[in-house]
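Please open the model in your viewer and keep the sequence beside it, so that each selection can be found in both. The tour moves from one selection to the next and says what is there.

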Amino acid sequence: MDFPVLHDWSLAPAEAIALQRQLAQCVLLQDTSPRPIKTIAGVDVSCRLHGRRFHAAVVLLGFPGMQLLETVTASLDIDFPYVPGLLSFRELPVILQAAEKLQRSPDLLLVDGQGLAHPRRFGLACHLGLWLDLPTIGCGKSRLYGEHDEVGDEKGAQTPLRDKDGEEIGSLLRTRNKVKPLYISPGHRVSLASATELALACCTRYRLPEPIRAAHAACNRQRLLDEDSA
DNA sequence: GCGACAG
DNA sequence: ATCTTGTCGC
């Protein structure tokens, strides 16, 4: 894949917050992915506890069959601290290095983390989508921001996630019976309704959507390989 | 001031 | 996120 540089990464946390407010203005909440969707990518990052070496994987799967088509990885040392709300400044650099290696461009990317459901409406999925100028959806395993009611028990049940003013910013989605729901929100170029619908369409028998499961396994393998060769 | 806080 | 094995429950 090929994409231009949106900005540099030599930022302090306070500057990163200001940049998020700027970039959030560019996020598009409309569906622009080609129909029918033929490929969906999964993105995830792995690192050691208190370590600064990060390992990313981007896997390309066919849709709706979920066949593995391509796997790319990258490893990079990161010094930006973990600050809730600034996750993309830790994870995005290594993700972009991996994404560059992808031969084909996906119709959509599923990201492990939040999209719109963020205090400044600019989670990791938004940042990645804007940088690649591709449709993205955030699939968080726990809550960063937003209020909601309980979700139904059955797979497919969902309830809206709203900000303090009641505006919808995502949804809680039960991706399988008797598991904690996922926090789904649009990243870029995807509508609220489509984000939930597409995330569910990628779920088989596990809590996490198949593209993210595959990416999770791949970045962990990459970490072992990188640690082994060092 | 206190609690919350993606990965 | 990660440290870690087996184990209890649907």
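Begin by selecting β7, where 5 of the 6 residues are buried, so this strand is largely enclosed by the rest of the structure. Please keep in mind throughout that this is a predicted model.

Add β6 to the selection, and follow how β6 and β7 pair in the antiparallel sense over 5 bridges. Within this pair, Pro 160 stands opposite Ser 171 in β7. The two strands form a hairpin with 5 residues between them, and in the turn you can pick out Gly 166, which has a positive phi of about 90 degrees.

Now select β8 on the other side of the comparison: β7 and β8 run antiparallel and are joined by 3 bridges. Ser 171 serves as a landmark here too, since it stands opposite Ile 184 in β8.

Next, show every strand of the sheet. What order do the 8 strands take? They form an open sheet that reads β3-β2-β1-β4-β5-β8-β7-β6, with mixed pairing. β3 (68-77) and β6 (158-162) stand at the edges with a single partner strand each, so one side of each is left without a neighbour in the sheet. From one strand to the next, the twist averages 25 degrees. As background for reading such a picture, strands of a sheet pair through backbone hydrogen bonds, either parallel or antiparallel.

Move on to β1 (residues 39-47) and β2 (residues 53-62), an antiparallel pair joined by 9 bridges. A useful residue to click on is Val 43, which stands opposite Val 58 in β2. Then select helix α5 (residues 210-228), which packs on the sheet and touches β1, β2, β3, β4 and β5, while its direction makes about 140 degrees with that of β2. After that, select helix α4 (residues 192-201), which lies across β4, β5, β6, β7 and β8 and runs at about 20 degrees to β7.

Finally, select DNA strand B together with the residues around it. Which residues come nearest to DNA strand B? Of the 17 residues around it, these are Tyr 82, Gly 85, Gln 114, Lys 141 and Ser 142. Sugar and phosphate account for 54% of the atoms of DNA strand B that come within 4 Å of the protein. Zoom in on Tyr 82, where a polar side-chain atom lies 2.5 Å from a phosphate oxygen of DNA strand B. At Gln 114, a backbone N or O atom lies 3.1 Å from a base nitrogen of DNA strand B, and at Leu 87 a polar backbone atom is 3.1 Å from a base nitrogen of that strand. Coloured by class, the surface near DNA strand B shows 6 nonpolar, 6 polar and 5 charged residues.

Conventions:
Residues numbered from 1 in each chain as written. Chains lettered and ligands numbered in written order. Predicted model: local features only at pLDDT ≥ 70, side-chain atom pairs only at ≥ 80, totals over all residues. Heavy atoms only, no water. Pairing = 2+ DSSP bridges. Helix = DSSP H or I, 4+ residues; strand = E, 2+ residues; numbered from the N terminus. Axes fitted to C-alpha atoms, helices over the stretch in contact; angles between N-to-C directions. Contact = heavy atoms within 4.5 Å. Buried < 20%, exposed > 50% of the residue type's maximum accessible area, 1.4 Å probe, protein only. Near = heavy atom within 4 Å. Polar contact = N/O pair within 3.5 Å; in protein donor to acceptor, adjacent residues only side chain to side chain. Nonpolar A, V, L, I, M, F, W, Y, C, P; charged D, E, K, R; others polar.
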